[in-house]
Structures are given as structure tokens and as C-alpha cells.
Amino acid sequence: MEITLNNVCAFGDSVMKGIVVDNENSQSGKLKYKISKNGFAARCRRSLNVEVENFARFGGVVTHGKKLVTRNAEKIKESDFVLFEYGGNDCDYNWAEISAMPHEEHSPNTPIPKFIQHYSELIDNVRSFGGKPVLLSLPVLEPQRFFNHVTQGLNRNNVLEWLGGTTLTIDRWHERYNMEIFRLGTSKRVPVIDITSIFLEKKDYADYICEDGIHPNEKGHELIENAILEYVRAQN
């Protein structure tokens with residue numbers, strides 16, 4: 001699919017928005033966030049000299065994306081392609097509930113069947129508006145940092161028990177959602193830009209992740225920018 005870039009619409013969560021930890025104003029155990037001018041969407045805007053309408057939201061999940069797409073149908077019609085980055089919040093859990101009830105069953109924010117259904121419908125909606133959807137895979141997690149962050153003020157032993165005694169299981173559910181994104185790309189014939197491998201190729205990918213274990217830092221956003229630029233150049 002050849003891509004001519006003048007206008008791009010972008011939908012997603014805080015990673016797409018360019019949210020990073022604000023190291024200057026964060027305190028030990030209490031992180032603050034800011035929108036970086038060097039987030040990958042902003043970087044691509046400058047590198048490719050394109051207009052980017054960024055509708056991403058902190059905490060965004062795929063159901064939010066469906067509503068935003070419908071609300072911005074006219075802008076989608078005018079765009080060259082529509083970039084999506086969902087899954088990071090969809091696969092997350094209510095850690096306070098897990099801390100309080102570690103022996104109960106707990107579901108992620110968007111269970112896998114619903115995630116597939118809603119993402120598939122989102123893609124269909126974009127196409128019905130005349131847009132060309134492109135998906136991003138998920139950036140990696142740093143499990144220990146993520147665990148330390150989400151369990152602040154909670155019973156960490158209870159959460160760890162629910163996780164099966166190791167923080168490494170955090171990676172497993174995250175990767176399940178990532179696999180579904182690639183499967184959706186195949187089944188819906190939608191391009192998927194792999195922004196996962198660029199982190200895994202690094203000897204210590206933690207150097208590219210913020211202290212919360214989930215948001216790429218500015219070095220990580222540069223990696224994502226490079227992956228997108230490589231993809232775009234390969235289409236032309």
C-alpha cells in the first residue's frame with residue numbers, strides 16, 4: 001500500500017499522546033507526567049512534514065477509540081491514513097481490587113474477546129468513512145518497574161500472590177494483546193507497524209522505558225519514530 005502523507009489522524013492512549021514521566025517534578029514513590037514535545041507522533045510530524053491530528057487520550061482504551069472515530073469522521077475522510085495504538089490500557093487490571101481480593105478472579109479492562117470485537121469494529125468504521133487504518137503494535141513493559149508503580153499503597157504480597165509469585169507474568173497478558181493486534185492486521189488486511197521488536201533488539205530495553213515501567217521515555221519515542229519512518233519509506 002503506497003502512502004502519500006499530507007494529513008494523518010492518530011488515535012490511542014498516553015503512549016500515542018507522548019506522555020512521559022516528568023522527572024524534574026516527580027518525587028520518590030510519586031510520579032508526575034507531562035506531554036513531551038519529543039513524543040513519537042510529534043517527532044513524525046516534524047520528520048515527515050505532515051499535519052497530525054492527535055486524538056489520543058491518557059488512559060484510552062479501544063472503546064474510547066470507537067467513539068472518537070465516529071465523532072471525527074469528517075477529519076478521517078480528509079486524512080491520508082489513520083494511525084491506531086491501543087491495547088496497553090485494555091490489558092491492564094484494577095490493582096486495588098486484586099490487592100484486596102487476591103484469591104478471586106479478575107478481568108482486564110477490556111477482556112480479549114471484547115478487545116478483538118471492538119478493535120475490528122473500529123477498523124471497519126474507519127474504512128466506512130473512507131479512511132486507511134494502520135495499527136501499531138505495543139511497546140514493551142518493564143515488569144518490575146510496572147509492578148512497583150501499580151502497587152504503591154497496596155498490599156504487594158497479595159498482588160504478587162495473584163500474579164503467581166513472579167512479576168514476569170505481567171509480560172504474558174501484555175503480549176497476548178500484542179499478538180491479537182498482529183492477528184487483527186492479518187485477518188482485516190490492515191498494516192501493522194512493529195514497534196515491539198525495536199525495544200527487544202536492545203540489550204537492555206529498560207533504558208528506553210520510564211520509571212513506571214509502561215511509558216517509553218524520549219529515547220524510546222525516538223525508537224518508535226524510526227520504526228514508523230522505516231515503514232513509511234518502504235511504502236513509497
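## Asn-217 and its contacts

Setting aside neighbours within four places in sequence, Asn-217 is in contact with Val-20, Asp-207, Tyr-208, Ile-209 and Cys-210. The model you are looking at is predicted, and in it Asn-217 sits in the loop between helix 10 (197–200) and helix 11 (218–234). Despite the loop setting, Asn-217 counts as buried, because its relative accessible area is 16% and the cut-off for buried is under 20%.

One of those contacts is worth picking out on screen. Asp-207 is 10 residues from Asn-217 in sequence, and their C-alpha atoms are 8.3 Å apart.

## The overall fold

Now let us step back to the whole chain. The protein has 11 helices and 7 strands. Its radius of gyration is 18 Å, close to the 18 Å that the globule rule gives for 236 residues, so the protein is as compact as a globular protein of that length. The C-alpha trace spans about 50 × 40 × 30 Å along its principal axes.

Contacts across the sequence are a good next thing to look at. Take the contacts between residues at least 6 apart in sequence: 77% of them join residues at least 24 apart. As for burial, 54% of the 236 residues count as buried.

## Surface and charge

The protein exposes about 11500 Å², and carbon and sulfur atoms supply 45% of that area. On the charge side, there are 28 positive and 32 negative charges, and the mean positions of these two sets are 4 Å apart.

## Aromatic residues

If you enjoy hunting for aromatic rings, there is plenty to colour in: a search of the whole structure finds 14 aromatic pairs. For the pair Phe-115 and Tyr-119, the ring centres are 5.4 Å apart and the planes meet at 70°, so the pair is edge-to-face. Both residues belong to helix 6 (residues 112–128), where they lie 4 residues apart, about one turn of the helix. In an α-helix there are 3.6 residues a turn, so residues three or four places apart point the same way.

Phe-115 is buried, with a relative accessible area of 0%, and Tyr-119 is also buried, at 0%. Both residues take part in one aromatic cluster, together with Phe-11, Phe-55, Phe-84, Tyr-86 and Tyr-177.

## Helix 3 and what covers it

Helix 3 (residues 62–71) has the buried residues Val-62, Gly-65, Lys-66, Leu-68 and Val-69. Readers may like to note that a lysine, Lys-66, is in that list.

What lies over these residues? The cover includes strand 1 (7–12), helix 4 (73–78), strand 5 (81–85) and helix 6. Helix 6 is also the home of Phe-115 and Tyr-119, so it is a handy landmark for moving between these two parts of the model.

## Two loop residues with positive phi

Asn-49 and Arg-189 are both worth a look at the backbone. Phi of Asn-49 is near 55°, a positive value in a residue other than glycine. Asn-49 lies in the loop between helix 2 (40–48) and strand 4 (51–54), and it counts as exposed at 69% relative accessibility.

Arg-189 likewise has a positive phi, about 55°, although it is not a glycine. Its place is in the loop between helix 9 (169–187) and strand 7 (192–193). Arg-189 is exposed, with a relative accessible area of 74%.

## Two leucines on either side of helix 8

Leu-154 is found in the loop between helix 7 (143–150) and helix 8 (156–162). Is Leu-154 buried, exposed or partly exposed? Leu-154 is partly exposed, with a relative accessible area of 26%. Not counting residues up to four places away in sequence, Leu-154 touches Trp-95, Ala-96 and Ser-99. Phe-58, by contrast, is 96 residues from Leu-154 in sequence and 22 Å from it in space, C-alpha to C-alpha.

Leu-168 lies in the loop between helix 8 and helix 9. Leu-168 is exposed, with a relative accessible area of 55%. Across 24 residues of sequence, the C-alpha atoms of Leu-168 and Gln-144 are 7.9 Å apart.

Key:
Residues are numbered from 1 along each chain as its sequence is written. This is a predicted model: local features need pLDDT of at least 70, side-chain atom pairs count only at pLDDT 80 or more; totals for chains, interfaces and linings use all residues. Side-chain values use heavy atoms; hydrogens and water are left out. The radius of gyration is taken over C-alpha atoms; the globule rule is 2.2 Å times the number of residues to the power 0.38. Buried means under 20% relative accessible area, exposed over 50%, partly exposed in between (1.4 Å probe, protein chains only). Contact means heavy atoms within 4.5 Å. Accessible areas come from the Shrake-Rupley method with a 1.4 Å probe; for residues, only the protein chains shown count as cover. Lys and Arg count as positive and Asp and Glu as negative; His and the chain ends are not counted. The place of a charge is taken as NZ of Lys, CZ of Arg, CG of Asp or CD of Glu. Rings of Phe, Tyr and Trp (its six-membered ring) pair if their centres lie within 6.5 Å; planes under 30 degrees apart count as stacked, over 60 as edge-to-face and the rest as tilted.
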